[in-house]
Amino acid sequence: MTSEPQPKLEKAEWTAADFDAMGWHDNAVHALAFEPALPHPGRLLVDLDYIIEWVKPAPPDSAFKFWICPATLVFDAASDLVVDADLTAQSFELSLDAITRSEPDEHGIRTWSLAGHEFTAVVRAKGYRQHLRRRPVLSARQRLTPEQRGGIAFGEQGFA
């Protein structure tokens, strides 16, 4: 499966300024962390598999492949978090459908909506940072194995 050329990445760390160039459709979510940061609002950290590129199948193949990086999505000075999840008769394999944002209020704070296939999370924050922790891996699935991603992690250092 390594015959595909590895995608060129502009950078390993992205911010809310890159929002229009990013997409989270079908990105696997492995864990959420809520970090208090008193006396200020806390932080929301999301451990996910960020799909860098969907690779169209070449005949005779009929299935897409995916270039994926394990990533940490961080909302600093986050507040007003609301999470709704229903995993009744479901596995714990969560994935995002999209992330949307509101217009900023008078303080520059936006409402960010993480709409998943099995959950939603809404949080208020000025922006985010997303760190791609490892180089992309080509996968036949839209999620990496624990070994490929280095387990659950919330590292905030992009790969070199």
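Author: In this predicted model, rings of Phe, Tyr and Trp, the last taken by its six-membered ring, are paired if their centres lie within 6.5 Å. By this rule the count comes to 9 aromatic pairs.

Reader: What makes W24 and Y50 an aromatic pair, and why is the pair called edge-to-face?

Author: The centres of W24 and Y50 are 6.2 Å apart, which is within 6.5 Å, so the two rings pair; their planes stand at 65°, and because an angle over 60 degrees counts as edge-to-face, the pair takes that name.

Reader: Why can the pair be said to tie together separate parts of the chain?

Author: W24 belongs to the loop between β1 (13-15) and β2 (28-37), whereas Y50 belongs to strand β3 (residues 40-55), so the pair ties together parts that are 26 residues apart in sequence. Both W24 and Y50 are buried, and ring pairs link them with F19, F75, W112 and Y128 into a cluster.

Reader: How do you know that W112, in strand β6 (residues 110-116), is buried?

Author: The relative accessibility of W112 is 0%, and because buried means under 20%, W112 counts as buried.

Reader: What makes the approach of W112 to A125 a candidate for a polar contact?

Author: A polar atom of the W112 side chain lies 2.9 Å from the backbone oxygen of A125, so the distance falls within the 3.5 Å cut-off for a polar contact.

Reader: How do you know that the charged end of K11 is within the distance limit for sitting over the ring of W14?

Author: The charged end of K11 is 5.0 Å from the centre of the W14 ring, so the distance is within the limit of 6 Å, and K11 is listed as sitting over that ring.

Note on methods. Residues numbered from 1 in each chain as written. Predicted model: local features only at pLDDT ≥ 70, side-chain atom pairs only at ≥ 80, totals over all residues. Heavy atoms only, no water. Phe/Tyr/Trp six-rings, centres within 6.5 Å; stacked < 30°, edge-to-face > 60°. Helix = DSSP H or I, 4+ residues; strand = E, 2+ residues; numbered from the N terminus. Buried < 20%, exposed > 50% of the residue type's maximum accessible area, 1.4 Å probe, protein only. Lys NZ or Arg CZ within 6 Å of the ring centre and 35° of its normal. Polar contact = N/O pair within 3.5 Å; in protein donor to acceptor, adjacent residues only side chain to side chain.
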